[in-house]
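Visitor: Could you take me in for a close look at the largest nonpolar core of this model? I would like to know what surrounds that part as well.

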Amino acid sequence: MDRNFFLIVMAAGHGTRMGAKLPKQFLSLSGVPILQRTIQKFIDAVPELQVITVLPPDDAHIAWWKNHCLEKNFSCPQMLVKGGITRFHSVRSALEKVPDGALVAIQDGVRPLLSTELIISMLDSFSSNPGLRALIPVIPTVDTLKMLRRENGALVQCPGPEPDRSLLFGAQTPQFFLSEDIKAAYRQPYDVSFTDDASVASRYEIPLAFCEGERLNFKITSPDDLVLAEAVLKIRGQV
């Protein structure tokens with residue numbers, strides 16, 4: 001493919017659900033920060049990529065990450081961007097660093113268990129399909145889903161038929177886009193319905209294509225997730 005490849009790693013959150021002193025992306029996963037493991041997967045897959053890391057906007061956390069990379073000799077060249085008031089605004093700021101004519105992947109910094117094979121497969125899809133403009137990894141829903149609302153602290157079922165889980169899939173990252181497309185999409189006004197980059201692209205009428213994601217490419221948001229991720233690395237022999 002004749003486009004340069006950019007990676008935007010979203011790591012601007014504070015991870016309050018984790019209940020730790022450090023934001024979750026900086027927490028150790030078998031001795032290595034989650035964020036570093038995530039970035040390393042992309043370096044292993046595409047050594048020549050260009051990395052843009054979006055961090056919490058306060059200087060203390062930016063300094064923490066810089067010091068870690070220096071002390072641990074994590075020599076990946078990165079452009080560092082301060083996060084905004086929402087994920088939408090953080091991605092928009094990062095996209096300002098990406099030129100038109102590139103291919104860009106936007107990845108959650110706390111999804112460190114994706115495989116290099118998934119990254120390479122998604123890249124190959126753009127090489128083999130010149131008309132492809134966006135590619136989103138998804139996994140099928142395996143649980144029975146319920147439509148509920150909260151009333152006075154209790155969960156109450158909403159009227160109507162149950163969702164058909166055979167039609168429902170969970171979207172993951174990395175989400176791949178032509179840079180000029182996704183930059184234009186992020187010039188739209190912010191909307192609370194923009195829960196991921198695909199939803200922003202869809203509103204802008206960028207045609208989306210989908211591929212099989214990976215069950216273990218989950219987002220680490222809670223202490224239980226961290227325990228599970230540690231177990232996965234142990235089984236894989238990556239500790």
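Guide: Gladly! A residue is called buried when its relative accessible area is under 20%, exposed when the area is over 50%, and partly exposed in between. Please keep in mind that this is a predicted model. Let us come in from the outside, through helix α4, where D124 is found. D124 has a relative accessible area of 45%, so it counts as partly exposed. Although 123 residues separate D124 from M1 along the chain, their C-alpha atoms are 8.3 Å apart.

From there we can step inside. The largest nonpolar core holds 32 residues, and those touching the most other members are F5, L35, I39, L49, W65 and F176. Two or more residues come from each of β1 (5-10), α1 (34-45), β4 (50-55), α2 (59-71), β6 (103-108), α4 (116-128) and β11 (175-178). In soluble globular proteins, nonpolar side chains tend to be buried together. A second core, separate from this one, has 27 residues, including L95, I182, Y186 and V200.

F5 makes a good place to stop and look around. Setting aside neighbours within four places in sequence, F5 contacts V46, L49, Q50, L103, V104, A105, L123 and F176. Two of these partners, L49 and F176, are also on the list of core residues with the most contacts to other members.

Helix α1 is worth following next. Of its 12 residues, 10 are buried, so the helix is largely enclosed by the rest of the structure. The buried set consists of I34, L35, Q36, R37, T38, I39, K41, F42, I43 and A45, with L35 and I39 being the two we met among the best-connected core members. The length of α1 fits expectation too: at 1.5 Å a residue its 12 residues should span 16 Å, and its end C-alpha atoms lie 17 Å apart, which agrees.

Helix α2, another contributor to the core, leads on to a loop that runs to β5 (78-82) and contains N73. Phi of N73 is near 55 degrees, which is positive in a residue other than glycine. With 64% relative accessibility, N73 is over the 50% cut-off and therefore exposed. S30, in the loop between β2 (28-29) and β3 (32-33), also has a positive phi without being a glycine, at about 55 degrees. S30 has a relative accessible area of 22%, so it is partly exposed.

On the β11 side, P174 sits in the loop between β10 (169-171) and β11. The peptide bond joining T173 to P174 is cis, and its omega is near 15 degrees. On the other side of β10, the loop from β9 (154-157) holds L167. L167 is a leucine outside the buried class: its relative accessible area of 63% makes it exposed.

Finally, let us turn to open space. The largest pocket has a volume of about 710 Å³. Its lining has 35 residues, with M10, G13, R87, D108 and K219 closest to the centre. The elements giving two or more residues to that lining are α3 (87-95) and α6 (197-203), and α3 gives the most, with three. By character, the lining comprises 13 nonpolar, 14 polar and eight charged residues. M10 and D108 tie this pocket back to where we began, as they fall within β1 and β6, two of the elements that build the largest core.

Methods
Residues are numbered from 1 along each chain as its sequence is written. This is a predicted model: local features need pLDDT of at least 70, side-chain atom pairs count only at pLDDT 80 or more; totals for chains, interfaces and linings use all residues. Side-chain values use heavy atoms; hydrogens and water are left out. On a 1 Å grid over the protein atoms alone, a cavity is a set of points where a 1.4 Å probe fits but cannot get out, and a pocket is an open set with protein on both sides within 12 Å along at least five of seven lines; lining residues have an atom within 4 Å of a point. Grid points are joined across faces, edges and corners, and a volume is the space filled by probe spheres set on the points. Helices (H or I, at least four residues) and strands (E, at least two) are DSSP runs, numbered from the N terminus. Ala, Val, Leu, Ile, Met, Phe, Trp, Tyr, Cys and Pro count as nonpolar, Asp, Glu, Lys and Arg as charged, and the others, Gly among them, as polar. A nonpolar core is a set of buried Ala, Val, Leu, Ile, Met, Phe, Trp, Tyr and Cys residues joined through side-chain atoms within 4.5 Å. Buried means under 20% relative accessible area, exposed over 50%, partly exposed in between (1.4 Å probe, protein chains only). Contact means heavy atoms within 4.5 Å. The expected span of a helix is 1.5 Å times one less than its number of residues.
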